[in-house]
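Student: I should like to go through the reasoning behind the terms used for a protein model. May we take them one by one?

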Amino acid sequence: MYDKKGKVSAVVLHAVKDVSSTGSTDIATMTQVLKDKNGEELTTTEYDISCTGGMVSIDFRSLSQSKMLESMGDVDYEITGTNLDLPNDLSVGQSLPDAGVNIKMNIGGMNMNMDTDITDRNVIGQETVTTPAGSFECFIITSTTTFKMGMSKSKQWIAEGVGVVKTEDYNKKGKLQSTSLLTAFSK
């Protein structure tokens, strides 16, 4: 991950921990490790990605910071939401379903409610992206993320069999705020 000046701001490592099947659904349990720019581990998150009927569905809990909530000690919380769905048969011009997560917390008698909504998801193009991990034929997906403190827009380049290869995040005025780039990939 890079800041708006192109300097490394964090590193995210994704790994498939386990793959299982339930009926006609395949489930991959993923591990995500977030490290700061100096390589110090900040958080480790585990979530599921399921594939059934030609649809990949990312567990909405992956959109939350549940490990951070757990580290706060005596916090009661409930996480609900709608999974981030991605059809296996993407095509330019396609609109994708909305997703989101809601976190209700009680911290020492104080109630808080945090919503994150991902809307306006559209496949706007296709192009080859070259990164340190290789060259990938990608679909370009745009979306809007709305949360309590504001709104951002993003553009993702997604390759079949790989996932997100590149991301650009923009503030509500359209200025580039951060990017991410796939730097290594192995199966």
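The dialogue below treats salt bridges, exposure, surface patches, hairpins and backbone angles in turn.

Tutor: Please keep in mind that this is a predicted model.

Student: How many salt bridges does a search of the whole structure find?

Tutor: Two salt bridges are found in the whole structure. One is formed by Glu46 and Lys17, and Lys166 and Glu168 meet in a salt bridge as well.

Student: What makes the contact of Glu46 with Lys17 a salt bridge?

Tutor: The closest N and O atoms of the pair are 2.8 Å apart. A side-chain nitrogen of Lys has to be within 4 Å of a carboxyl oxygen of Glu, so 2.8 Å meets the criterion.

Student: Which parts does the pair of Glu46 and Lys17 tie together?

Tutor: Glu46 belongs to strand β4 (residues 41-52), whereas Lys17 belongs to strand β2 (residues 10-22). The pair therefore ties together parts that are 29 residues apart in sequence.

Student: How do you know that the side chains of Lys166 and Glu168 form a salt bridge?

Tutor: Their N to O distance is 3.8 Å. With the limit set at within 4 Å, this pair therefore qualifies.

Student: Why is Lys17 called exposed, and why is Glu46 called partly exposed?

Tutor: Lys17 has a relative accessible area of 54%. Exposed means over 50%, so the term applies to Lys17. Glu46 has a relative accessible area of 45%; this value falls between the cut-offs of 20% and 50%, so Glu46 is partly exposed.

Student: Are Lys166 and Glu168 buried or partly exposed?

Tutor: Lys166 has 23% relative accessibility and counts as partly exposed. Glu168, at 14%, counts as buried, because buried means under 20%.

Student: Which residues form the negative surface patch?

Tutor: The patch is formed by Asp98, Asp115, Asp117 and Asp120. Of these, Asp115 is found in strand β10 (residues 110-131), Asp117 is located in strand β10, and Asp120 also has its place in strand β10.

Student: What makes Asp115, Asp117 and Asp120 eligible for this patch?

Tutor: Asp counts as negative, and a patch residue needs over 30% relative accessible area. The value is 36% for Asp115, 37% for Asp117 and 46% for Asp120. Each therefore passes the accessibility cut-off.

Student: What is the separation of Asp117 and Thr82 in sequence and in space?

Tutor: Asp117 and Thr82 are 35 residues apart in sequence, and their C-alpha atoms are 9.2 Å apart.

Student: Why is the phi of Asp120 noted?

Tutor: Asp120 has a positive phi of about 55 degrees although it is not a glycine. Most residues other than glycine have a negative phi, which is why a positive one is noted.

Student: Which residues make up the nonpolar surface patch?

Tutor: Val8, Val11 and Leu13 form it, and together they have about 210 Å² of accessible area. Val11 lies in strand β2. Val11 has a relative accessible area of 35%, so it passes the cut-off of over 30% for patch residues.

Student: How do you know that β2 and β3 are paired?

Tutor: Pairing requires at least two bridges. β2 and strand β3 (residues 25-36) are joined by 12 bridges, so they are paired, and they run antiparallel. Within this pairing, the bridge partner of Leu13 is Val33 in β3. The two strands form a hairpin with two residues between them, and Gly23 in the turn has a positive phi of about 65 degrees.

Student: What makes β12 a partner of both β11 and β13?

Tutor: Strand β11 (residues 134-147) and strand β12 (residues 150-159) run antiparallel and are joined by 10 bridges. Eight bridges join β12 to strand β13 (residues 163-171), again antiparallel. Both counts satisfy the requirement of at least two, so β12 pairs with each. Thr144 stands opposite Lys153 in β12, while Ser152 has Asn171 in β13 as its bridge partner.

Student: How many residues lie in the connections of these hairpins?

Tutor: β11 is joined to β12 through two residues. Three residues lie between β12 and β13, where Gly161 in the turn has a positive phi of about 80 degrees.

Student: Why is Lys148 called exposed?

Tutor: Lys148 lies in the loop between β11 and β12. Lys148 has a relative accessible area of 67%, and exposed means over 50%, so the term is justified.

Terms used: Residues are numbered from 1 along each chain as its sequence is written. This is a predicted model: local features need pLDDT of at least 70, side-chain atom pairs count only at pLDDT 80 or more; totals for chains, interfaces and linings use all residues. Side-chain values use heavy atoms; hydrogens and water are left out. Patches are made of residues with over 30% relative accessible area and no salt bridge: like charges are joined within 9 Å, nonpolar side chains (Val, Leu, Ile, Met, Phe, Trp, Tyr) within 5 Å. Accessible areas come from the Shrake-Rupley method with a 1.4 Å probe; for residues, only the protein chains shown count as cover. The place of a charge is taken as NZ of Lys, CZ of Arg, CG of Asp or CD of Glu. Helices (H or I, at least four residues) and strands (E, at least two) are DSSP runs, numbered from the N terminus. Buried means under 20% relative accessible area, exposed over 50%, partly exposed in between (1.4 Å probe, protein chains only).
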